[in-house]
Amino acid sequence: MPNVLKKALSLLTGVDTADVVLKLPKGRPFKQLTERDLIKLESEIGGALFGPIPADHRREFFCLDEKTWIWYEEYIDIETGKTKSHTVRYEVHENGILKAHDGAQYSFIEGEELQNLYLAVQTYYEQIARDVYKRDPVTKRKLI
Amino acid sequence: MANDTYIPPSMSNTGREQESTQFRDGDEFDLHKASNHIASFEVVRLARQAAEVAISSQPPNYEVVIPFHERIGAYSQSTVDLRKSELEDNLFSEAS
């Protein structure tokens with residue numbers, strides 16, 4: 001299994017921190033926080049970018065690394081009562097964005113889907129820069 | 001061929017006015033009057049020269065379009081940079 005996928009799965013299904021809602025400690029906010037913690041914080045913002053999340057849903061959207069974005073959606077199927085989940089991985093390539101749906105179907109996205117992803121990524125960056133890292137998204141300088 | 005009979009301008013009642021000379025059909029040709037309305041070669045040359053200067057002084061009429069996937073790549077890199085920067089700050093603050 002590729003490292004990227006392992007990392008994503010670990011982030012998404014890790015039992016140790018999955019149910020723990022991370023909150024920014026006051027004072028020195030990131031002391032003790034690891035890269036994984038930071039991604040979880042980002043993902044809370046990312047998941048909310050696409051509108052309200054239904055009560056029985058869990059949605060995550062985050063930047064895994066320089067080349068990978070993850071969309072994860074988990075919900076309870078009303079008919080079967082079982083938990084279902086979908087993972088979409090977006091890979092940044094030189095010639096486009098490759099979408100891997102549940103690790104099986106691959107396709108380069110285009111048109112409205114590509115534009116919407118771009119808007120989501122742009123909003124994600126601007127919000128995490130301000131709300132998580134307390135930095136200006138453009139200058140990257142610390143906000144006072 | 002029902003309408004192939006030529007009717008000279010002087011016999012027609014259309015009274016069309018020529019834009020450049022302001023002559024009307026049927027008017028007698030007056031070289032002096034006509035020449036007042038014809039641009040000289042010098043006028044044409046100056047007009048062309050002015051147009052070339054005007055065109056060359058304008059900024060190029062194009063915009064650089066960055067594809068969406070490249071913009072996404074740039075934001076991805078910026079996001080990771082922020083993350084790394086924060087982790088480095090933590091290391092320094094812990095060390096001190």
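I take helices (H or I, at least four residues) and strands (E, at least two) as DSSP runs, numbered from the N terminus.

**Entry 1: ground rules**

I am working on a predicted model, where local features need pLDDT of at least 70, side-chain atom pairs count only at pLDDT 80 or more, and totals for chains, interfaces and linings use all residues. Residues are numbered from 1 along each chain as its sequence is written, chains are lettered from A and ligands numbered from 1 in the order in which they are written, and side-chain values use heavy atoms, with hydrogens and water left out.

**Entry 2: chain A overall**

I looked up the secondary structure of chain A and found three helices and five strands. Along the sequence, the pattern reads α-α-β-β-β-β-β-α.

I then checked confidence, using pLDDT (the predictor's confidence in each residue, from 0 to 100). Chain A averages 84, and 78% of the residues score at least 70. Residues 15-20 of chain A fall below 50. Beyond near neighbours in sequence, I find four contacts for that stretch in the model. Contact here means heavy atoms within 4.5 Å.

Next came burial. I call a residue buried under 20% relative accessible area, exposed over 50%, and partly exposed in between (1.4 Å probe, protein chains only). Chain A has 144 residues, and 40% of them are buried. For contacts in chain A with a separation of 6 or more, residues 24 or more positions apart account for 28%.

**Entry 3: the interface of chains A and B**

How much area do chain A and chain B bury between them? I read about 2,500 Å², with 64% of it on carbon and sulfur atoms. Buried area is the accessible area (1.4 Å probe) that two parts lose on being put together, summed over both. On the chain A side, Glu66(A), Tyr118(A) and Tyr125(A) lose the most area to chain B. Together they give 25% of what that side buries.

I counted participants too: 36 residues from chain A and 22 residues from chain B.

For polar contacts I used pairs of N or O atoms within 3.5 Å; within protein, one must be able to donate a hydrogen and the other to accept it, and residues adjacent in sequence count only if both atoms are side-chain atoms. Across this interface the rule finds nine residue pairs, both residues at pLDDT 80 or more.

Which elements of chain A give two or more residues to the side that touches chain B? I list helix H2 (35-47), strand E1 (57-65), strand E3 (83-93), strand E4 (96-101) and helix H3 (111-131). H3(A) supplies the largest share, 11 residues. By type, this side of chain A divides into 18 nonpolar, seven polar and 11 charged residues. Ala, Val, Leu, Ile, Met, Phe, Trp, Tyr, Cys and Pro count as nonpolar, Asp, Glu, Lys and Arg as charged, and the others, Gly among them, as polar.

**Entry 4: salt bridges**

My rule is a side-chain nitrogen of Lys or Arg within 4 Å of a carboxyl oxygen of Asp or Glu. Over all chains the count comes to 12. Between chain A and chain B it is five.

Within chain A, I looked at Lys40(A) and Glu60(A), whose side chains meet at 3.6 Å, N to O. Lys40(A) lies in helix H2 and Glu60(A) in strand E1, so the pair ties together parts that are 20 residues apart in sequence. Lys40(A) is buried at 9% relative accessibility. Glu60(A) is buried at 7%. I also see a network of salt bridges linking Lys40(A), Arg58(A), Glu60(A) and Glu74(A).

Glu91(A) pairs with Arg89(A), the closest N and O atoms being 2.7 Å apart. I checked burial, and both Glu91(A) and Arg89(A) are buried.

Across the chains, Glu66(A) meets Lys84(B) in a salt bridge at 3.5 Å, N to O. Are these two buried or partly exposed? Glu66(A) is partly exposed, with a relative accessible area of 25%. Lys84(B) is partly exposed at 42%.

**Entry 5: Arg83(B) and Leu38(A)**

I found Arg83(B) in helix H3 of chain B. Its relative accessible area is 2%, which is buried. Not counting residues up to four places away in sequence, Arg83(B) touches Glu35(A), Leu38(A), Ile39(A), Glu42(A), Cys63(A), Leu64(A), Tyr124(A) and Tyr133(A).

I followed one of these, Leu38(A), to helix H2 of chain A. Leu38(A) is buried, with a relative accessible area of 0%. Leu38(A) and Tyr133(A) are 95 residues apart in sequence, and I read 9.2 Å between them in space, C-alpha to C-alpha.
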